[in-house]
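Thanks for coming, everyone. I'll keep this short and stick to what the structure shows.

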Amino acid sequence: MPENTALLSYMRSKLRITHDNLFMFLTEYGLESAGALIIVEEGRDVSELNCEYRDITDKLIIELKKDPENQIDLIIALDAKISLAGAQNKLPVRYENGKFLISADNSLAATSHVIKPPHRIFKGLPYNEAFCMELARRVGIPVPMSDIVNIGGAEVFITERYDRAVADGRVIRYHQEDFCQALGINHALKYEIAGGPGFRDCIALLNRSGVQKTSVVDFARVAIFNVIIANHDAHAKNFSFLYNYQPEIARDGTGVTLAPFYDLVCTGIYPLNESFAMSIGGISYFHELDDDAYRQFAGDLSLPYNALSGLINDTIGKVRASVSDIVQSYTSRFGNEDIFIKIFNIITNNCKIMEKASDSLNASP
Ligand SMILES: Nc1ncnc2c1ncn2[C@@H]1O[C@H](COP(=O)(O)OP(=O)(O)OP(=O)(O)O)[C@@H](O)[C@H]1O
Ligand SMILES: [Mg+2]
């Protein structure tokens, strides 16, 4: 379910769903959701549902032309019966041949992409997310395809849904579950400070889930990457598992794999809370990280500390090898040099500080 309370309350009141009637909400909005869940009211015969789409391209262009940063939520504007988690304005769509489609009423048709429009307060958010996802991709971190797409003059972030695949022209659903769901933790507790999962809990979860060992390393690498790019909002709902996506590569035949990473954003350029969503070795702020914190962080990630330091240096090297190039190519594609320079400065500064810390970690016994 969306976490934006204004959106949730609109979605409820539109269909006269009272606040405590979770089941009615899900039966109204749960046909197209995260993963493979298709929720309908009790007694409904799913085989009677159609598989049709509604073309929303023209409506989307009109909406985004108005004032892309001050528009009402896309789910409301397009009257979409769709439910996806998270606080940001976003819309799952089927994107094909330049057309944007959503499921028609009472339809089982699935979406293939997610779009996120510009934000009223956080300027340049689509560029920021596209930039960080591209950097992650070049560093070798698994991420779904993503880019900027121009809709009616608005530059919008678009990403492929990793929980969908297209076969014979049809979109197939694969189940996904975020780390809070996997641990049975309510979204209200997603931050570690609120009692939610920290790195130690995530690594323990990964280890008992049967995912490949390389996924545990990917997870450690993205944790480091998030510190480098000042993504302070990497809470446990920003990591997910996929079920039966590629059963052949899962260990122990469980069919569980770690989903590619998403929601990678340099939150550090905005006036937001600067504490890490999950503490780094017990430390909440970047400028307070010291040897002891990195040592504890290595323990939390189940890595010997020289392995952590190797991973930090390797990630820094890969970030440095690509970041200027992305600034250049994004500036020439989109202008908006300011935002890319701001992100670049934070990243290069953080690389310098972390490199020193990692050298000192290696030098000490
Ligand atoms: N590329 C994707 N493929 C499949 N599902 C996705 C994808 N991107 C996002 N989702 C789903 O939507 C949820 C919210 O996405 P995301 O974290 O990007 O949104 P957000 O609103 O920016 O989140 P936050 O509340 O952390 O700011 C994810 O937990 C996941 O279930
Ligand atoms: Mg998120």
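**Salt bridges, domains and rings**

Let's start with a salt bridge: Glu-41 pairs with Arg-44, and their closest N and O atoms are 3.7 Å apart. Keep in mind throughout that this is a predicted model. Glu-41 is partly exposed, at 37% relative accessible area. Arg-44 is partly exposed too, at 31%.

Now compare a pair further along. Lys-116 forms a salt bridge with Asp-263, with the closest N and O atoms 3.6 Å apart. Lys-116 is in strand 4, residues 113–116, and Asp-263 is in the loop between strand 11 (256–258) and helix 9 (291–300), so this pair ties together parts that are 147 residues apart in sequence. Are these two side chains buried or exposed? Lys-116 is buried, with a relative accessible area of 12%. Asp-263 is partly exposed, at 22%. Buried means under 20% here, so Asp-263 does not count as buried.

Next, Glu-32 and Arg-164. Their side chains meet in a salt bridge at 3.0 Å, N to O. Glu-32 lies in the loop between helix 2 (22–29) and strand 1 (53–55), while Arg-164 lies in strand 7 (residues 164–167), so the pair ties together parts that are 132 residues apart in sequence. Glu-32 counts as buried, at 2% relative accessibility. Arg-164 counts as buried as well, at 5%.

That pair has company. Which residues join Glu-32 and Arg-164 in a network of salt bridges? They are Arg-161, Asp-163 and Arg-173. Over the whole structure, the search finds 21 salt bridges. In general terms, side chains of opposite charge can pair when their charged atoms come close.

On to the domains. The protein is divided into domain 1, residues 5–167, and domain 2, residues 175–363. Their centres, taken over C-alpha atoms, are 25 Å apart. How many residues does each domain bring to the contact? Domain 1 gives 34 residues and domain 2 gives 38 residues.

How much area is buried there? Between domain 1 and domain 2 it is about 3,100 Å², and carbon and sulfur atoms give 69% of that. Three residues stand out on the domain 1 side. Phe-131, Leu-135 and Tyr-162 supply 24% of the area that domain 1 buries against domain 2, more than any other three residues.

Charges feature here as well. The rule finds three salt bridges across the interface of domain 1 and domain 2. Elsewhere on my list of charged pairs is Asp-325, which forms a salt bridge with Arg-138. The closest N and O atoms of Asp-325 and Arg-138 are 2.7 Å apart.

Now the rings. The count comes to 17 aromatic pairs. Take Tyr-330 and Phe-340. Their ring centres are 5.6 Å apart and their planes stand at 90°, so the pair is edge-to-face. Where do the two residues lie? Tyr-330 is in helix 10 (residues 305–334) and Phe-340 is in helix 11 (residues 337–363), so the pair ties together parts that are 10 residues apart in sequence. Tyr-330 is buried, at 4% relative accessible area. Phe-340 is buried at 0%.

Tyr-330 has a charged partner too. The charged end of Arg-333 sits over the Tyr-330 ring, 5.9 Å from the ring centre. We find a similar arrangement at Tyr-305: the charged end of Arg-295 sits over that ring, 4.2 Å from its centre.

There is also a cluster of rings. Phe-179, Phe-199, Phe-219, Phe-239, Phe-241, Phe-261 and Phe-297 form one aromatic cluster.

Last topic: the backbone. Most residues other than glycine have a negative phi. Here are two with a positive value. Asp-79 is not a glycine, yet its phi is positive, about 50°. Asp-79 sits in the loop between helix 4 (74–77) and strand 2 (91–96). It counts as partly exposed, at 38% relative accessibility.

The second is Ser-302, with a positive phi near 60°. Where is Ser-302 found? It is in the loop between helix 9 and helix 10. Ser-302 is exposed, with a relative accessible area of 51%.

To close, go back to the buried salt bridge partners: Glu-32 at 2% and Arg-164 at 5%. Then look at the contact between the domains, with about 3,100 Å² buried. That's all from me.

Definitions and conventions: Residues numbered from 1 in each chain as written. Chains lettered and ligands numbered in written order. Predicted model: local features only at pLDDT ≥ 70, side-chain atom pairs only at ≥ 80, totals over all residues. Heavy atoms only, no water. Phe/Tyr/Trp six-rings, centres within 6.5 Å; stacked < 30°, edge-to-face > 60°. Helix = DSSP H or I, 4+ residues; strand = E, 2+ residues; numbered from the N terminus. Buried < 20%, exposed > 50% of the residue type's maximum accessible area, 1.4 Å probe, protein only. Lys NZ or Arg CZ within 6 Å of the ring centre and 35° of its normal. Domains from an automatic or database assignment. Contact = heavy atoms within 4.5 Å. Buried area = accessible area lost by both parts, 1.4 Å probe. Salt bridge = Lys/Arg side-chain N within 4 Å of Asp/Glu carboxyl O.
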